[in-house]
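Work through the exercises below with the model open. Each task is followed by a stepwise solution.

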Amino acid sequence: MAYWLFKSEPATWSWDQQVAAGEAGTYWNGVRNHLAKKQLMAMQVGEQGFFYHSNEGKAVVGIVAVIRPYYPDHTDETGRFGMVDVKAVRALPRPVTLEAIKADPALADMVLVNNSRLSVQPVSEAEWARIRVLGGLD
DNA sequence: GCCAACGTTGGC
DNA sequence: GCCAACGTTGGC
């Protein structure tokens with residue numbers, strides 16, 4: 001069971017919109033990067049990921065689950081990229097800010113810290129557990 | 001609004 | 001196939 005992190009600018013697609021999409025969820029389109037594509041292709045239905053607000057907010061705000069595995073992204077004219085469907089699982093009682101992540105030695109190796117531009121990132125089991133604690137779960 | 005990091009494009 | 005130029009992303 002792998003863990004992930006999905007990055008989105010709230011101005012484009014926010015956590016509130018994801019919550020509003022409910023159980024049916026939505027497709028996570030727009031990935032145009034091969035490393036990010038690789039992450040999408042590795043995702044299995046039922047796996048969970050953090051929902052991170054970039055630019056504005058700069059914090060992990062919630063948890064989503066993969067509900068449909070990789071399939072072609074109809075918004076990609078080149079036909080090279082795909083997407084998965086995700087649904088909101090729960091909000092974090094306390095958002096975990098980028099500042100807090102950077103300040104925590106246990107999270108120093110996170111992709112978010114070292115390659116912040118990657119839009120879909122793998123998260124280790126230890127990082128997953130740590131951020132859940134910082135976020136007020138567990 | 002600036003700039004660093006990174007990916008992509010295109011000329012050779 | 002290399003590398004310079006350019007565009008985009010995202011933190012500050």
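**Exercise 1. The annotated range**

Which residues does the UniProt annotation "domain: EVE" cover?

Solution. This is a predicted model: local features need pLDDT of at least 70, side-chain atom pairs count only at pLDDT 80 or more, and totals for chains, interfaces and linings use all residues. Residues are numbered from 1 along each chain as its sequence is written, while chains are lettered from A and ligands numbered from 1 in the order in which they are written.

- Step 1. The unreviewed UniProt entry places the annotation on residues 2–132. Its positions follow the numbering used here, its feature names are shortened, and it may be inferred rather than shown by experiment.
- Step 2. That range is 25% helix and 37% strand. Helices (H or I, at least four residues) and strands (E, at least two) are DSSP runs, numbered from the N terminus.
- Step 3. Its end C-alpha atoms are 15 Å apart.

**Exercise 2. The sheet**

Give the strand order, then check the pairings of strand 5.

Solution.

- Step 1. Six strands form an open sheet in the order 2-5-4-3-1-6, with mixed pairing. Strands pair if DSSP finds at least two bridges between them.
- Step 2. Strand 2 (26–27) and strand 6 are the edges, each pairing on one side only.
- Step 3. Strand 5 runs antiparallel to strand 4 over ten bridges. In strand 5, M83 stands opposite Y71, and K87 stands opposite A65.
- Step 4. Strands 2 and 5 are also antiparallel, over two bridges. Y27 has D85 as its bridge partner.

**Exercise 3. The core**

Which members of the largest nonpolar core touch the most other members?

Solution.

- Step 1. Fix the term: buried Ala, Val, Leu, Ile, Met, Phe, Trp, Tyr and Cys residues joined through C-beta atoms within 7 Å. Buried means 20 or more other C-beta atoms within 10 Å of a residue's own, with C-beta atoms placed from the backbone.
- Step 2. The core has 32 residues; L5, F6, F50, F51, V60, V84 and V96 touch the most other members.
- Step 3. Suppliers of at least two residues each include strand 4 (59–72), strand 5 (82–97) and helix 5 (125–134).
- Step 4. Take V84. Leaving out residues up to four places away in sequence, V84 touches W28, L40, M43, V66, R68, P69 and Y70. Contact here means C-beta atoms within 7 Å.

**Exercise 4. The DNA**

List the residues around DNA strand B and class them.

Solution.

- Step 1. N33, H34, L35, N115 and R117 surround DNA strand B, each with its C-beta atom, placed from the backbone, within 6 Å.
- Step 2. They divide into one nonpolar, three polar and one charged.

Technical notes
Buried ≥ 20, exposed ≤ 12 C-beta atoms within 10 Å, placed from the backbone. Contact = placed C-beta atoms within 7 Å. Nonpolar A, V, L, I, M, F, W, Y, C, P; charged D, E, K, R; others polar.
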